[in-house]
Amino acid sequence: MELGWLLWGAALLLGLHVLTELSAAANFAVRLGFYYLLCVLGSALTAPVCVLVNGGRTVKNMRIIKAVVKTFKYFFGLRFEVKGLENFEVEGPAIIVSNHQSVLDMMGLMEVLPDDCVQVAKKELVYAGPVGLIIYLGGVIFINRKSTDSAKMVMAEVAKTMAAENVKVWVYPEGTRNCTGDLLPFKKGAFHLAVQAQVPVIPVVYSSFTTFYNPKKNLFTSGKIKVEVLPPIETKGLTSDDVSDLTDRCFHIMRETLFKLSGRPGEVKDSS
Ligand SMILES: CCCCC/C=C\C/C=C\CCCCCCCC(=O)SCCNC(=O)CCNC(=O)[C@H](O)C(C)(C)COP(=O)(O)OP(=O)(O)OC[C@H]1O[C@@H](n2cnc3c(N)ncnc32)[C@H](O)[C@@H]1OP(=O)(O)O
Ligand SMILES: CCCCCCCC/C=C\CCCCCCCC(=O)OC[C@@H](O)COP(=O)(O)O
């Protein structure tokens, strides 16, 4: 009986291997499916550990989640080359902003995530089964992107509490995934938050995934991702009138860095 199961398992693996060798679409589906499976299984196994170790929803769980997710890259042959981690060493809270290309970003996020740092996420993610549970347990802040007023209220509350709780907040200012090799225009929430809390903004840039990951071309191979944590941008003394300038400044620094890291220096033309 046990030998039977073993043979079926081996046949399934062999079949999948042959399929992925024959078709780019199958290769893409299998690899992405496997990533989702890792996320679901990893979350289901990690959630009880978080509850047992830290008692419930707290940013401290991010350390456990980070340790688990940092192993995922080995399954996909992904390598990270990280520069500038010392720029996270600001005293007190900060807003971290980064480009958001894909669900695979969770690996890049956990590769550099500083301690005591929560992310801002769309509220729909809380319903993603075990993944939603782990995100909830990690202390992630959920916003309703369809209601600016409600998102503003949540952000204002975060601005009040982040200093008291000494947490950093990670925001994807593009507000959605974008795997074009460029940046979408930035939403302003992260920068309002930084100005309201009078804390620095730390930009983090990941090189373009397009050489190894492109859903439109069914491309998902191994690859190298360059990550650069840029120096903090101070907001002390800035007011809401300065938010647009701050947003533009971050956008341009990050776009220039994105092109540099992706091997396209000098391509920064006028944006948006
Ligand atoms: C163990 C196994 C584990 C397996 C799983 C692995 C890991 C998971 C674990 C943990 C990690 C979880 C990480 C999850 C990441 C999820 C990422 C996302 O979900 S990205 C999508 C959600 N995020 C965002 O949308 C953030 C960016 N968006 C914004 O900041 C927006 O500004 C907004 C606040 C949502 C509002 O949206 P809107 O479209 O209305 O934006 P605008 O910027 O155009 O603003 C309109 C208007 O309002 C003013 N404004 C905006 N914000 C504020 C504010 N806070 N206060 C005051 N005013 C504000 C803005 O200035 C505009 O006005 P004006 O044009 O006059 O300037
Ligand atoms: C009982 C319900 C069961 C539902 C099961 C759902 C299974 C989901 C499984 C795995 C999900 C792994 C994803 C990890 C988290 C990814 C976070 C992310 O990248 O979210 C995208 C969000 O930033 C922006 O969304 P859009 O680009 O605007 O869209």
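In this predicted model, the largest nonpolar core holds 66 residues, and those that touch the most other members are Ile-95, Ile-96, Val-169, Val-171, Leu-193 and Ala-194. Helix α9, spanning residues 243–261, supplies the largest share of this core, with seven residues. As general background, nonpolar side chains in soluble globular proteins tend to be buried together. Ile-96 offers a good place to look around: leaving aside residues up to four places away in sequence, Ile-96 touches Cys-117, Lys-168, Trp-170, Ile-202 and Val-204.

From the core it is a natural step to the sheet. Seven strands form an open sheet with mixed pairing, and their order is β1-β9-β6-β2-β5-β3-β4. The edges are taken by β1 (78–83) and β4 (141–143); each has a single partner strand, so one side of each is left without a neighbour in the sheet. On average, and with direction ignored, neighbouring strands of this sheet are turned by 25° against each other. In general, strands of a sheet pair through backbone hydrogen bonds, either parallel or antiparallel.

Several of the pairings can be followed residue by residue. Strand β2, residues 95–98, pairs with strand β5, residues 168–171, in the parallel sense over three bridges. Within this pair, Ile-95 stands opposite Val-169 of β5; both residues are also among the core members that touch the most others. Strand β5 is in turn joined to β3 by three bridges, and these two strands run parallel. Here Val-169 of β5 appears again, as the bridge partner of Val-118. Strand β3 also runs parallel to β4, again with three bridges between them, and Ala-121 stands opposite Phe-142 of β4. How enclosed is β3 by the rest of the structure? Five of its six residues are buried, so β3 is largely enclosed.

Two loop residues deserve a friendly second glance for their backbone angles. Asp-116 lies in the loop between α5 and β3, and its phi is near 55°, a positive value in a residue other than glycine. Asp-116 has 17 C-beta neighbours inside 10 Å and therefore counts as partly exposed. Gln-198, in the loop between α8 and β6 (201–206), likewise has a positive phi of about 55° although it is not a glycine. With 15 C-beta neighbours inside 10 Å, Gln-198 counts as partly exposed too.

The model also contains ligands, and their surroundings can be described in turn. Around ligand 1 there are 36 residues, of which Gly-42, Thr-148, Lys-187, Gly-189 and His-192 come nearest. The elements giving two or more residues to this shell are α2, α3 (61–69), β3 (117–122), α6, α7 (148–165) and α8 (189–197). By class, the shell around ligand 1 comprises 21 nonpolar, ten polar and five charged residues.

Ligand 2 has 14 residues around it, and Cys-39, Ala-128, Gly-129, Thr-176 and Arg-177 come nearest. Two or more residues of this shell come from each of α2 (24–54), α5 (105–112) and α6 (129–137). Which element gives the most to the shell around ligand 2? That element is α2, with three residues. The residues of the shell around ligand 2 divide into eight nonpolar, three polar and three charged. Helices α2 and α6 are thus listed for ligand 2 as well as for ligand 1.

Conventions. Residues are numbered from 1 along each chain as its sequence is written. Chains are lettered from A and ligands numbered from 1 in the order in which they are written. This is a predicted model: local features need pLDDT of at least 70, side-chain atom pairs count only at pLDDT 80 or more; totals for chains, interfaces and linings use all residues. A nonpolar core is a set of buried Ala, Val, Leu, Ile, Met, Phe, Trp, Tyr and Cys residues joined through C-beta atoms within 7 Å. A residue is buried if 20 or more other C-beta atoms lie within 10 Å of its own, exposed if 12 or fewer, and partly exposed in between; C-beta atoms are placed from the backbone. Helices (H or I, at least four residues) and strands (E, at least two) are DSSP runs, numbered from the N terminus. Two residues are in contact if their C-beta atoms, placed from the backbone, lie within 7 Å. A residue is near a molecule or strand if its C-beta atom, placed from the backbone, lies within 6 Å of it. Ala, Val, Leu, Ile, Met, Phe, Trp, Tyr, Cys and Pro count as nonpolar, Asp, Glu, Lys and Arg as charged, and the others, Gly among them, as polar. Two strands pair if DSSP finds at least two bridges between them. Axes are lines fitted to C-alpha atoms, for helices over the stretch in contact, and angles run from 0 to 180 degrees between N-to-C directions.
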